[in-house]
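Grab a coffee and have the sequence and model open side by side. Try each exercise yourself before you read the solution.

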Number of protein chains: 2
Amino acid sequence: MLSAALTDGSAHRNCSFEVFARRLPDGRRYGVVGGVGRLLDALDRFRFGEPELAVVAKFLDERTVDWLREFRFTGDIDGYREGELYFPGSPILSVRGTFGECVVLETLILSVLNHDSAILSAATRMVSAAAGRTMIEMGSRRAHEESAVACSRAAYLAGFTATSNLEAVRRYELPGAGTSAHSFTLLHTTEAGPDEAAAFRAQVEALGVGTTLLVDTYDITEGVKTAVAVAGPELGGVRIDSGDLGVWARQVRTQLDDLGAANTRIVVSGDLDEYAIAALRAEPVDTYGVGTSLVTGSGAPTAGMVYKLVEVDGLPVAKRSSHKESRGGTKCAVRLTKPTGTIVEEVVYPADGERPDPGDLACRDLMVPMYRGGVREPGLPTLAEGRDLVARGLVSLPWEGLKLSRGEAAVPTRFVG
Amino acid sequence: MLSAALTDGSAHRNCSFEVFARRLPDGRRYGVVGGVGRLLDALDRFRFGEPELAVVAKFLDERTVDWLREFRFTGDIDGYREGELYFPGSPILSVRGTFGECVVLETLILSVLNHDSAILSAATRMVSAAAGRTMIEMGSRRAHEESAVACSRAAYLAGFTATSNLEAVRRYELPGAGTSAHSFTLLHTTEAGPDEAAAFRAQVEALGVGTTLLVDTYDITEGVKTAVAVAGPELGGVRIDSGDLGVWARQVRTQLDDLGAANTRIVVSGDLDEYAIAALRAEPVDTYGVGTSLVTGSGAPTAGMVYKLVEVDGLPVAKRSSHKESRGGTKCAVRLTKPTGTIVEEVVYPADGERPDPGDLACRDLMVPMYRGGVREPGLPTLAEGRDLVARGLVSLPWEGLKLSRGEAAVPTRFVG
């Protein structure tokens, strides 16, 4: 494609590409834009090195290979900030430059945004369902080893308290947390049989009584009894990873209180998703450990965003064949909110048109400049700011938007001009 | 956990960990072991560098940090070859060494095997459904940017013909293939309107008449007519990416034949999964382009494998609490087949026990040595050999196993000893 466009010169035409999602994952009421920070870092490094060029030289003409060797993105990018809510049709990213320089970025842009937005959107529903309780991300083992690090980052943006992925702790300076595994308890087996108390003693000796002991390796009631016997009533926490978590949480809470360990926290884990988290709201659970459903986007592992050419040398363009229409022209977007802060609608309008009149409503621009002339704009949101934006987004949703049940997008998108 | 085990000395006990899946993804009849080659390469490189140690030094004692600094895996690993079928309970990987050295490998091992096996298992169902037709993997944009490369590799193992991911082509020497995008056709728009013929001319000029032209940007029938007018009846292929693919394939085939382009191939794409592929079996489709459903494991994005401690200093150990029992002891596995090659059952037996008597059946050992004393064994399967193993696995399944509908595991696993 690039080679053909260089052959007839069309690779040098000025183009505008747009990232948007035709729809939200089935039944979801909102999406959250994730991956923007990772994407911008990757774009800064995006070059074709000699090992890569050697591969494409096998099937590409010399001019195209030379063009790739010299490739530097020189265009402009605007888009939604990381952590911003999005809805069907939201112009999440606008990439403008020559056709050649924009088209080679397609896969990277979509990979990062589709993956991270899928995880962030699911994680945000979980945080919303947890209603303020502590959440630990512990899904690395169920995801590709690099995807896992990005998942931890997305979980933090969503509002998770900490992650068990130490590479994410290192790379993004996230808070880390973890508990021990069943293997550690099983390790303390001798010819006389299992010795849960020995495992607990070792952990308390190394980490102090503030640690969290895993009590469900053999028998939960016995495990709790042994844990408090070993650590004393100042034990930090116990973790339950199996069984009916609601029933066990209540029973263990009573048992801990009876043992004088009233401040010992209860951590639950084991195939928790947003629905299971919500179902435990009435139970005495202090911390949720969430794994598989987080890193798989809880049923929606990719966000389904597309990257479409919308303008060529100032002319709007759009695909016309069935069911996959796109809207031509470079766009901007604003979000209108009531004085209470609740979103009324998102309005998408032509970038060369007039900003819609918000009437009595508050109006906020959704797209911020990210690159100008190939140079990254300063002052883009930090992870902490993105996390704050997610939290503010949640309270700005119409109340229907927070329902976990399947439904339509919580906010209408109106296209004008 | 590691710190506590170093404190009480249990980190040095001889342990045996096992990777297995308690069940297959919902309704699946077989799984395919993926990622072994990637895992072994990653294990060869597995070290804790100073940037990593600086992070853990913030919360770990000096002895543990020093242990991590000196970490080298010195143990033994046996396991199923990449491309081997697996079933619930199959001892896919056996990792033996001290507790400390085995436990730090857990996340890496599970990340790679769970991800790649999920993708490979889904991809294999698609290849089986395609019944010999050409398949191109084109899902990179819907997956994490590094996961995408591993997905291309898994697709190749499954039997896909080629991938559009050029980094996978480079890294694993896979065959590459791709077609143009709608943006390339839209790019050829002037003030006089769209000019599909100009786009096709540019592509044919750069790549010859053997190229595949994307004909559904505006109107498929017009697109096919224009494509043959531009490239002539020797046109390599046309791609249809929208609409009812079966209806369009038939109509386009007739149109191509009428235009004298009887050898022009028809490539279809657009949210294809194994069911859609099977539904197109009776249609004149030559090539399937598969994206989203491949990289998301077609509904099962992770394989659900676990890594469990099964033996400590020769003593079998197992978790006992509800519903998540594991079987203690290091194990081996054989697969019994009829003279026709059809699998009868998988038999799992204690590593220190006797190999089961196969009677009249053929019997094959499923676990091969991968590491001995921390050194990688030579002669492990190449990608091409893994691909061949997948193909042989498919023809060895009882015929029920190839059904796409939901069902039970196609092969029973019997535990003896």
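Below are three short exercises, each with a worked solution.

Some ground rules first. This is a predicted model, where local features need pLDDT of at least 70 and side-chain atom pairs count only at pLDDT 80 or more, while totals for chains, interfaces and linings use all residues. Residues are numbered from 1 along each chain as its sequence is written, chains are lettered from A and ligands numbered from 1 in the order in which they are written, and side-chain values use heavy atoms, with hydrogens and water left out.

**Exercise 1. Work out which turn and shift lay chain A on chain B.**

Step 1: Superpose the copies by least squares on the C-alpha atoms of residues with pLDDT of at least 70 in both.
Step 2: Read off the result: a turn of 180° and a shift of 0.0 Å along the axis, with an RMSD of 0.0 Å for chain A on chain B.
Step 3: The two copies are therefore related as by a two-fold rotation axis.
Step 4: Now check the surfaces: 100% of the contact residues of chain A recur in chain B, so both copies use the same surface (contact means heavy atoms within 4.5 Å).

**Exercise 2. Describe the interface between chain A and chain B, from its contacts to its salt bridges.**

Step 1: Count contacts: 81 residues of chain A touch 81 residues of chain B.
Step 2: Get the area. About 6,400 Å² is buried between chain A and chain B, 64% of it on carbon and sulfur atoms; buried area is the accessible area (1.4 Å probe) lost by two parts on being put together, summed over both.
Step 3: Look for the big contributors in chain A: R141(A), H144(A) and L187(A) lose the most area to chain B, together 11% of what that side buries.
Step 4: Hunt for charge pairs. The rule (a side-chain nitrogen of Lys or Arg within 4 Å of a carboxyl oxygen of Asp or Glu) finds 8 salt bridges across this interface.
Step 5: R141(A) turns up again here, in a salt bridge with E106(B) at 2.8 Å, N to O.

**Exercise 3. Lay out the open sheet of 4 strands in chain A.**

Step 1: Write the order, β18-β16-β17-β21 in chain A, with mixed pairing. Strands are DSSP runs (E, at least two residues), numbered from the N terminus, and two of them pair if DSSP finds at least two bridges between them.
Step 2: Find the edges. β18 (362-365) and β21 (413-415) of chain A each have a single partner strand, so one side of each lacks a neighbour in the sheet.
Step 3: Zoom in on one pair: β16 (residues 331-337) of chain A runs antiparallel to β18(A), over 4 bridges. Here R335(A) stands opposite R364(A) in β18(A).
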